[in-house]
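Trainee: I should like to learn how to read a structural model in an orderly way. May we begin with the pairing of strands and proceed from there?

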Amino acid sequence: MNQLRIVGGTLYDPANGVSGEVRDICIDGGRVVDSVPASARRLDASGMVVMPGGVDIHSHVASGSVNLARRLLPEEHEADPAAAPALTGGDVARSGTGGTIPSTFTTGYRYAGLGYTTVFDAAVAPIMARTSHGELDDTPIVDAGFFVLMGNDEYLLRLVAAGERAQAREYAAWLLGAAGGYAIKVVNPGGVELWKRGARDRVGLDTPVGSERVTPRAILETLVEAANGLGLPHAAHIHCNDLGVAGNVATTLASMRAVEGRRAHFTHLQFHAYDAAPDGTRRSGARPLIEYINAHPEISGDVGQVMFGAATTLTADGAVEYLLHKSSGRRWVNVDIELETGCGVVPHTYKEKNAVSALQWVVGLELFLLAADPWRMVLSTDHPNGGSFLAYPELIRLLMDRGYRDSCLARVNQTLLAGSAMADGIGREYTLDEIAIVTRAGPARLLGLTHKGHLGPGADADVTVYARDEDVSKMFATPRYVVKGGTLVVEEGQLRRAPRGQRLHVRPGYDGAVETPLREFFDRHATVSFRNYPVGDLRDTPIMVGRT
Ligand SMILES: [Zn+2]
């Protein structure tokens with residue numbers, strides 16, 4: 001019944017060393033298998049490109065800040081109404097809205113329509129986790145999970161202040177399970193807490209946060225050690241201090257050195273790779289950053305590419321949004337979330353003729369084009385911060401087609417580009433293999449998803465088939481077929497089925513002794529009771545955690 005043979009496609013499966021070979025893919029019961037009987041349904045992929053389904057390591061699709069942003073931008077809903085897709089079979093089809101932050105159902109449909117089958121929301125406040133699970137329940141097709149914000153968590157900071165790093169690790173394990181999250185997220189460690197206390201100065205790695213013992217450095221060390229000590233499938237996922245600021249590449253490099261030798265993932269690095277010119281303006285700091293990453297195999301990153309056009313910036317880094325609101329005059333939301341984190345939202349438009357937008361666009365491309373190991377520098381736009389996930393095909397074209405890239409470069413504001421690697425000229429063009437790495441195989445490996453990002457026997461049957469086109473942005477924007485978990489969801493370029501996706505989460509074991517003081521802390525300080533805080537059992541079983 002669920003058997004399928006995808007016949008005659010040209011396969012790009014870099015995790016299994018397959019590069020452009022004509023091979024059939026056989027699917028049985030949601031998994032890739034060696035063979036299926038001759039009676040199995042056949043899908044003709046002759047002349048087409050076959051890859052594993054896309055895996056988005058860093059996006060924002062289901063969180064308190066995403067919902068605030070939806071409410072902040074009603075004009076986007078009006079401008080981009082999304083009709084219910086014409087699904088076959090019994091799947092419920094829902095209408096919705098698009099724009100930079102589509103509604104839940106439309107998010108699932110559009111990701112699948114792009115050939116993406118796995119998505120992670122990168123920033124969920126644990127107190128809002130139940131809402132995020134509700135939203136993901138309404139985001140069909142894609143397998144999804146989220147990262148849990150811990151870098152400004154009051155209880156964690158208290159443990160760091162007390163020098164209780166082992167207890168901090170146990171608390172992190174408890175919190176991940178309580179929220180039903182997948183990985184530890186760190187946003188502007190300590191800086192969000194200082195912002196909530198009214199501080200407006202820049203935060204350095206050694207700035208005290210209340211106690212002298214609590215510094216961004218100490219928080220980073222604690223949470224990187226927790227992720228590694230707990231054997232989590234994904235490293236601590238780090239958004240550094242000083243996002244967006246001239247000269248912040250020094251902070252980013254110092255943060256990497258602070259955890260040198262330990263597995264860590266640094267996210268949307270484009271926003272953290274600015275040097276400062278003598279006059280204080282930003283210029284590209286991509287080169288020293290990528291050189292450091294190239295030389296340190298324990299470090300991985302995603303780019304956070306800026307794409308020209310409409311975006312919505314939303315982050316737990318409330319201070320950044322305040323600065324953006326002040327400089328752009330666009331509307332602004334700030335929320336201080338009790339005991340845990342912050343949140344800010346500001347809509348933004350990246351313009352070719354704007355000097356800072358042009359610099360950001362260039363810095364992101366430099367990170368891609370100077371990366372020695374695409375497995376460790378993967379694709380993201382930090383959707384919807386640097387641009388929508390719908391811009392990925394255009395980004396792929398920029399990476400694969402130097403002529404096109406150079407023609408775009410010639411159009412943009414050149415004010416801040418002097419001395420950058422892009423201005424000097426970069427000849428590199430990504431191959432289809434490298435695109436398969438940065439959009440699926442690499443993210444899956446960095447996330448520890450052993451069943452995803454490849455099409456070897458036993459892998460999840462998440463497959464995308466693209467019809468070749470001279471213009472690769474067209475090819476990647478409209479896959480001919482998408483198979484999710486063995487179900488053919490896109491057929492002849494049309495979304496036809498919308499099965500529910502799996503929830504990807506972990507529930508690490510922890511020392512039960514952590515709960516007694518925690519219960520007391522909740523009684524004293526939280527508006528939610530300790531008992532009501534955890535989201536409870538989820539429908540899908542947790543991913544195994546290999547604690548050492
Ligand atoms: Zn993000």
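Mentor: Strands of a sheet pair through backbone hydrogen bonds, either parallel or antiparallel. In this predicted model, strand β23 (residues 463-466) pairs with strand β24 (residues 481-484) in the antiparallel sense, over 3 bridges.

Trainee: Which residue of β24 stands opposite Val-463?

Mentor: Val-463 faces Val-483 across that pair.

Trainee: What is the order of the strands in the open sheet?

Mentor: The order is β3-β2-β7-β23-β24-β25-β26, giving an open sheet of 7 strands with mixed pairing. The edges are formed by β3 (18-22) and β26 (494-495); each has a single partner strand, so one side of each is left without a neighbour in the sheet.

Trainee: Which strands does helix α16 lie across?

Mentor: Helix α16 (residues 432-446) lies across β2 (10-13), β3, β7 (49-52) and β23. With respect to β7, the helix runs at about 30 degrees.

Trainee: Let us turn to the metal site. Which protein donors does the zinc ion have?

Mentor: A donor here is an N, O or S atom within 2.8 Å of the metal, and water is not among the atoms, so a site may look incomplete. The protein donors of the zinc ion are His-58 (NE2), His-60 (NE2) and Asp-382 (OD), at 2.0 to 2.1 Å from the ion. Along the chain, their spacing reads H-x1-H-x321-D. His-58 belongs to strand β8 (residues 54-59), whereas Asp-382 sits in the loop between β22 (377-378) and α13 (392-400). These two residues are 324 residues apart, and the pair links distant parts of the chain.

Trainee: Is His-58 buried or exposed, and is Asp-382 buried or exposed?

Mentor: The cut-off for buried is under 20% relative accessible area. His-58 has 0% relative accessibility and therefore counts as buried. Asp-382, with a relative accessible area of 5%, is buried as well.

Trainee: How many helices and strands does the protein have, and how compact is it for its length?

Mentor: There are 18 helices and 26 strands in the protein. Its radius of gyration is 22 Å, close to the 24 Å that the globule rule gives for 548 residues, so the protein is as compact as a globular protein of that length. Along the principal axes, the C-alpha atoms fill a box of roughly 70 × 55 × 45 Å.

Trainee: What share of the residues is buried, and what share of the contacts joins residues 24 or more positions apart?

Mentor: Buried residues account for 61% of the 548 residues. Among contacts with a separation of 6 or more, 77% are between residues 24 or more positions apart. The protein exposes about 19400 Å², of which carbon and sulfur atoms supply 49%.

Terms used. Residues are numbered from 1 along each chain as its sequence is written. This is a predicted model: local features need pLDDT of at least 70, side-chain atom pairs count only at pLDDT 80 or more; totals for chains, interfaces and linings use all residues. Side-chain values use heavy atoms; hydrogens and water are left out. Two strands pair if DSSP finds at least two bridges between them. Helices (H or I, at least four residues) and strands (E, at least two) are DSSP runs, numbered from the N terminus. Contact means heavy atoms within 4.5 Å. Axes are lines fitted to C-alpha atoms, for helices over the stretch in contact, and angles run from 0 to 180 degrees between N-to-C directions. The radius of gyration is taken over C-alpha atoms; the globule rule is 2.2 Å times the number of residues to the power 0.38. Buried means under 20% relative accessible area, exposed over 50%, partly exposed in between (1.4 Å probe, protein chains only). Accessible areas come from the Shrake-Rupley method with a 1.4 Å probe; for residues, only the protein chains shown count as cover. Donors are N, O and S atoms within 2.8 Å of the metal (3.2 Å for Na, K and Ca); water is not among the atoms, so sites may look incomplete.
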